[in-house]
Structures are given as structure tokens and as C-alpha cells.
Amino acid sequence: MEKIGFWGVLLFFSTVAAQGDDNLLMQYNKGPDLDGFYRKWNFDLHAHMIYGKLKEDDVVYKISYSAGAYLQFKFSKTFALSSGTDFYQLSYQYNLSKNQSYDKLTYLSFPLTIRAFPSRKLHFETGLLYHHLIEARNTEIVDLRKQSPLYPEGVFKNVFGWLFGVQYNVWKRLDVSLQYRFLKKASDLQRLQKNHFEAFQLGLHFYVLNPQKKPK
């Protein structure tokens, strides 16, 4: 009888203790967050298809591209800072009775953005852009003095801008993104060529470290 009494008391207190833990977890949602992990550092290798142009009525959108790499640093599971560089080309066509030529502008693009992660697979992004001009070229002769399709210095310039974007993880380290960018700088009002652009971008991103896998 004493052994039966002992095991009965032990079973009773064990049941009470277990119920207490369950109630505590239910009432206060305390316990280990199995989804709380994140990687502080990651590298984003990507390519974008760009649909952009001068923000002028007589200019037509055309498709071009960019490619580059970003470094991402996460302050927490939900916020990150990102920066890097892109080889960035912007192409468009003039739609005038005497001008149907194409411009192709080549930049090195440097973003500095904040990323917000409402879920592990989704993030929103916004931030500053700086575009350093490498070359500005047309399909016709635009520099009469040199008889060259390259625009003379000062027509197109280095330019600042801003971006808004959303990115979604489709599989392991692979993401797709959609961005809107605008770039603006004071320009010669007498020229058709302005340093004022907008672009929509569809991107494919590969992360060097799997953001869906818990670091060891």
C-alpha cells in the first residue's frame, strides 16, 4: 500500500507540473522560438531585366539589364542593411519625327537600402542610389566635332536616385524581385537629353548562404 501511495502521489504531482507548463505556454506563449534564427551576413548575387527610359513624353521604354552583388547585414530577424554595386545599363528610344535613335547609358550603380522582413520568405526594400556614369552612347552621330556616337562630356552626368522594391524567396537560396527606381539631377533645359530617369526591374537573386537554413 505504501508503494502504491508513493507512486500515486508522484503521478499526481507529475500531472500537475505538466499541466502547469502547458498552461504557461498557452497563456504566455513562452518557449523556444524555433523560427527565430537568422544569418547576420549574406551575399546576394543577382541580375535584373530593366524596363526604363527618360521621363520625357517623346521617349519610349526599352529593355536593358544589370548585374551585380550586394552584401546584406541583418540587425535582427526582421531588419537588414544592404549595399553593393551593379553594372547597370539603361536603354530607351526617342519617338520624334526626325529622331528614332536609341540611347544606351552605362553606369556603376551603388545602392544603400533598408530591408524589412515581415516573413522569412518576403521582404520590402527602399533606399538611396548613386549612379556613376561610365559611358553614354547613341545609335547615331551625336558628337559632330569628333564624329562619334558617344555623347560629349556633361550631357549625361553622375546621378542620385531612390528605389522601392519587394523580393520573395521561391526556393532555398533563390529569390525573385520587382523594383521601381527613379534618378534625377539638374539638366540643361534646352536639351532633349535630361538626367531624369525611371525604371521598372524584374530580378533573379542567388544567396551564397541559405537564408532558410539555421546557421550552425
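## A chat about an eight-stranded barrel

Student: Which residues make up the nonpolar surface patch here?

Tutor: In this predicted model, Phe75, Phe79, Leu81, Leu112, Ile114, Leu128, Phe160, Trp162, Phe164 and Phe182 make a nonpolar patch of about 940 Å² on the surface.

Student: Which elements give two or more residues to that patch?

Tutor: They are strand S3 (79-94), strand S4 (102-116) and strand S6 (159-171). The largest share comes from S6, with 3 residues.

Student: And where is the place of Phe182?

Tutor: Phe182 lies in strand S7, which covers residues 174-184.

Student: Is Phe182 buried, exposed or partly exposed?

Tutor: Phe182 has a relative accessible area of 32%, so it counts as partly exposed.

Student: OK, let's zoom out. What does the secondary structure of the chain come to?

Tutor: There is 1 helix, along with 8 strands. Along the sequence, the pattern reads α-β-β-β-β-β-β-β-β.

Student: What do the 8 strands run as?

Tutor: They form a closed barrel with antiparallel pairing, in the order S1-S2-S3-S4-S5-S6-S7-S8. From one strand to the next, the twist averages 25°.

Student: Can we walk through some of the pairings? How many bridges are there between S1 and S2?

Tutor: S1 (residues 41-54) and S2 (residues 59-74) pair over 12 bridges, in the antiparallel sense. These two strands form a hairpin, with 4 residues between them. To find one spot on that pairing, look at Phe43, whose bridge partner in S2 is Leu71.

Student: How many bridges join S1 to S8?

Tutor: There are 11 bridges between S1 and strand S8 (residues 196-207), and the two run antiparallel. On that side, Ile50 has Gln201 in S8 as its bridge partner.

Student: How about S3 and S4, how many bridges do they have?

Tutor: S3 and S4 are paired over 13 bridges, again in the antiparallel sense. Within that pairing, Gln93 stands opposite Tyr102 in S4.

Student: New topic: charges. How many salt bridges does the structure hold?

Tutor: It holds 4 salt bridges. One of them joins Asp44 and Arg115, with the closest N and O atoms 3.4 Å apart. That pair links distant parts of the chain: Asp44 belongs to strand S1 and Arg115 to strand S4, 71 residues apart.

Student: Are Asp44 and Arg115 buried or exposed?

Tutor: Asp44 is buried, and Arg115 is buried as well. These two are also linked with Glu125 in a network of salt bridges.

Student: What do the side chains of Asp86 and Arg181 meet in?

Tutor: Those two side chains form a salt bridge, at 3.8 Å from N to O. This one also links distant parts of the chain, since Asp86 is in strand S3 and Arg181 is in strand S7, 95 residues apart. Asp86 and Arg181 are both buried.

Student: And what does Arg137 form with Glu135?

Tutor: Arg137 and Glu135 form a salt bridge too, with their closest N and O atoms 3.3 Å apart. Arg137 has 31% relative accessibility, so it counts as partly exposed. Glu135 is also partly exposed, because its relative accessible area is 27%.

Student: Switching to the backbone. What is phi like at Gln147?

Tutor: Gln147 has a positive phi of about 50°, although it is not a glycine. Most residues other than glycine have a negative phi.

Student: Where is Gln147 found, then?

Tutor: Gln147 sits in the loop between strand S5 (122-138) and S6. With a relative accessible area of 54%, Gln147 counts as exposed.

Student: What about phi of Lys172?

Tutor: Lys172 is another residue other than glycine with a positive phi, near 50°. Its place is in the loop between S6 and S7. Lys172 is partly exposed, because its relative accessibility is 47%.

Student: Last bit: what share of the chain is made up of buried residues?

Tutor: Buried residues make up 34% of the 216 residues. The accessible surface of the chain is about 13400 Å², and 64% of that belongs to carbon and sulfur atoms.

Student: And what share of the contacts with a separation of 6 or more comes from residues 24 or more positions apart?

Tutor: Those residues account for 63% of such contacts in the chain.

Terms used
Residues are numbered from 1 along each chain as its sequence is written. This is a predicted model: local features need pLDDT of at least 70, side-chain atom pairs count only at pLDDT 80 or more; totals for chains, interfaces and linings use all residues. Side-chain values use heavy atoms; hydrogens and water are left out. Two strands pair if DSSP finds at least two bridges between them. Patches are made of residues with over 30% relative accessible area and no salt bridge: like charges are joined within 9 Å, nonpolar side chains (Val, Leu, Ile, Met, Phe, Trp, Tyr) within 5 Å. Accessible areas come from the Shrake-Rupley method with a 1.4 Å probe; for residues, only the protein chains shown count as cover. Buried means under 20% relative accessible area, exposed over 50%, partly exposed in between (1.4 Å probe, protein chains only). Axes are lines fitted to C-alpha atoms, for helices over the stretch in contact, and angles run from 0 to 180 degrees between N-to-C directions. Contact means heavy atoms within 4.5 Å.
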